[in-house]
Every structure is written in C-alpha cells, then in structure tokens.
Amino acid sequence: MANLKEIRNRIASVSSTMQITSAMKMVSAAKLKKAQDAITAMRPYSDKLTELLQSLSASLDGDSGSKFSDNREVNKVLIVAITSNRGLAGAFNSNILKQCTTLIEETYAGKQVDFITIGKKANDFLSKKSTILSNHSDLYEDLTFDNTAIIAEDLMERFTSGEYDRIDVVYNKFKNAATQIVMTEQFLPIVPIEDEEGSSGDYIFEPSKGEIVEQLIPKSLKTQLYKGIRDSFASEHGARMTAMHKATDNATELRDQLKLTYNKARQAAITNEILEIVGGAEALNN
C-alpha cells in the first residue's frame, strides 16, 4: 500500500485535474449555446436553397446546364476536411480523420486525392498521408460568412478550371451535445434531383431559369460550406462539453476512491501506533 504522502499527492493532483475539466466543460457549454443557435437558424435556409437549386439544375438542358454541374470522369479529387484546432473533445477529430483515411484508401483508391484543411488536427494528420493545398486553421478566430466565402470561391475555381473532377466536404454534423454525425457531402459537381411531376411549371422565371441558376449557385455553395463549418463548430463544443463532463465524473470517482484508500491507510497507521504503545506498556509492567 502506498504511503500517506503519496496518496495525498495523488488526491491533490486529481482534484486539480477535476477543476480544470470542470472549467472547460462550463466554457464549452457557454460557447455551445451561441454556436447551436447560429447553426439552427441558418440550416433551414441552407437546406431549402440547396434543394431549390438542385431541382432547377435537373430541369436545365445539357447545353444550358451550369458549369458547376459538369459531371466528368473522376480522376482527381479534392476533399475539404473540417476539424478543430484543439483536442480534448472525445472522438470528434478522430472520426473525421478515420473517414478521410477511408476515402483515400477505399472510396478513391487509385485516384489523386488532395486536401484543403480547416483545423490544425486535420492538417497535422493528413499532411503525412496526402498533399495539403492550403490550411485555414485561423478561420475559427473570425468565423464569418465572408471569410468562408473566400475558401468556397477557391473551390469553385479549382473545379470549373478542370483542376479537380470532384470536391467533397467531410465534417461533423451537429445533432445534439452528445451526438455528432460524420458527413461526407459532395460539394461539386452539383447533384441534380429528379423533378417531381410538373413542379417546375408552378413558377415563372425572370430572367431565364439558366441565368437564375448561374447567379444563385455560387451563393448556395458558399452557404453550404459555411453551414458545414458552423455545424462542425457547434459539434466541437458539444463533444468537448460531453468529454469534459465525463472526465470530471471520472476524476471525482477516482478522488473519492483515493480518499477512501487514504483513510484506510491512516486508520491502519493509527492502529499500529496504538498496538506499539500497548505493547511497550505491557513490556514495562512485566
């Protein structure tokens, strides 16, 4: 059994760790509320805009189809991997990195796969596996639509110029504080959806449908990327809050066990001292 000083040191260490994890949990909880409100507010708009453009793209003729819907043979793939800059968030980052590894080794095996990373964790890991075109870890310092739009414009340029045949975005979709869903979304080319019977006939387009699509698609893609990053940002704080909550509970349990061990060791030491005193007294009487 460890001596009393060692146990006291361990209790102090665990208590200090518990205070840190508890503080991190509260910080993440405060940030989560703001991030959750932001993604909840923009998700319906983003989803409806994407649905509308996919429906319009499906009804366009081949010659007038958008350059963003150009389906080519996939030989060169660009993946946008979105993680956090920091750890201590459970499996939040590792799930994204596993999915990126699967895309490299299985889904796009034999093809050229390059990355644009958002988050230091993705950049550090994927730089050892593939080519990183750019890293935008500083985006979280000022996460705005305008700053995200710059990245989206770069992606659109790389696709329309023919540099890449397909662009995917891999991120964690926020469901709740305890659940994040790993998503792999096709960013480009746009995937048209089959038009329901006569649905396009309910609208009059001015100017032409093609011109509307060409103007709205860049905005829709910027919004789609911004939504993905916002989803990931909210998921990060939810995952970290959950992880720190579990860490605090584990530290509390360990501290209680150490205190019990300490009390048992202290009681044993006191009992031994009493026995020594009684034994000494008996020896003197004899």
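Trainee: Let's start with one residue: is Leu88 buried or exposed?

Mentor: Happy to start there, and please keep in mind that this is a predicted model. Exposure is read from relative accessibility, and a value over 50% counts as exposed. Leu88 reaches 55%, so it falls in the exposed class.

Trainee: Where does Leu88 sit, and in which loop?

Mentor: Leu88 belongs to the loop that runs between S1 and helix H2 (92-107).

Trainee: What should I look for in the backbone of Leu88?

Mentor: Begin with the general pattern: most residues other than glycine have a negative phi, and most peptide bonds are trans. Leu88 is not a glycine, yet its phi is positive, about 55°.

Trainee: And which peptide bond is cis?

Mentor: Look at the step from Leu188 to Pro189, where omega is near 0° and the bond is cis. Pro189 is placed in the loop between S5 and H5.

Trainee: Leu188 caught my eye already. How do I read its part in the largest nonpolar core?

Mentor: A core of this kind is built from buried nonpolar residues joined through side-chain atoms, so one useful reading is who touches whom. The largest one here has 37 residues, and Leu188 and Leu225 touch the most other members. Two or more residues come from each of helix H1 (4-58), strand S1 (76-82), strand S2 (112-118), helix H4 (145-160), strand S4 (166-176), strand S5 (179-188) and helix H5 (209-285). H5 contributes the largest share, 9 residues.

Trainee: Which residues are in contact with Leu188, leaving aside its neighbours within four places in sequence?

Mentor: With those neighbours set aside, the contacts of Leu188 are Phe68, Leu155, Met156, Phe159, Arg166, Ile167 and Leu221. There is also a second, separate core of 14 residues, with Leu97, Ala122, Leu126 and Val170 among them.

Trainee: Let's turn to aromatic pairs. How many does the structure hold?

Mentor: First the idea: a pair of aromatic rings is described by the distance of the centres and the angle of the planes. This structure holds 2 such pairs. One is stacked, formed by Tyr140 and Phe233, with 6.0 Å centre to centre and 15° between the planes. The two residues are 93 apart along the chain, with Tyr140 in the loop between strand S3 (131-135) and H4, and Phe233 in helix H5. Tyr140 is buried, at a relative accessible area of 15%.

Trainee: What is the geometry of the pair formed by Phe145 and Tyr226?

Mentor: That pair is edge-to-face: the centres are 5.7 Å apart and the planes make an angle of 85°. Phe145 in helix H4 and Tyr226 in helix H5 are 81 residues apart, so this pair too links distant parts of the chain. Phe145 is partly exposed at 31% relative accessible area, whereas Tyr226 is buried at 12%.

Trainee: Which residues does Leu143 contact beyond its neighbours within four places in sequence?

Mentor: Leu143 lies in the loop between S3 and H4, and with 11% relative accessibility it is buried. Its contacts beyond that window are Thr148, Tyr226, Ile229, Arg230 and Phe233. Leu143 and Arg230 are 87 residues apart along the chain, but their C-alpha atoms are separated by 8.3 Å.

Trainee: How about Ser232: buried or exposed?

Mentor: Ser232, in helix H5, is buried, with a relative accessible area of 1%. Outside its neighbours within four places in sequence, Ser232 is in contact with Ile82, Thr83, Phe92, Tyr140, Tyr171 and Asn172.

Trainee: Last topic, pockets. What is the volume of the second largest pocket?

Mentor: As a general idea, rolling a probe the size of a water molecule over the atoms shows where empty space is left. For the second largest pocket, the volume is about 270 Å³.

Trainee: Which residues lie nearest its centre?

Mentor: Thr50, Gln54, Glu185, Gln186 and Gln224 do, out of 16 lining residues. At least two lining residues come from each of H1, S5 and H5, and H1 gives the most, 6 residues. By class, the lining splits into 6 nonpolar, 6 polar and 4 charged residues.

Key:
Residues numbered from 1 in each chain as written. Predicted model: local features only at pLDDT ≥ 70, side-chain atom pairs only at ≥ 80, totals over all residues. Heavy atoms only, no water. Core = buried A, V, L, I, M, F, W, Y, C linked by side-chain atoms within 4.5 Å. Buried < 20%, exposed > 50% of the residue type's maximum accessible area, 1.4 Å probe, protein only. Helix = DSSP H or I, 4+ residues; strand = E, 2+ residues; numbered from the N terminus. Contact = heavy atoms within 4.5 Å. 1 Å grid on protein atoms, 1.4 Å probe; cavity = no way out; pocket = protein on both sides within 12 Å on 5 of 7 lines; lining within 4 Å. Points joined across faces, edges and corners; volume = space filled by probe spheres on them. Nonpolar A, V, L, I, M, F, W, Y, C, P; charged D, E, K, R; others polar. Phe/Tyr/Trp six-rings, centres within 6.5 Å; stacked < 30°, edge-to-face > 60°.
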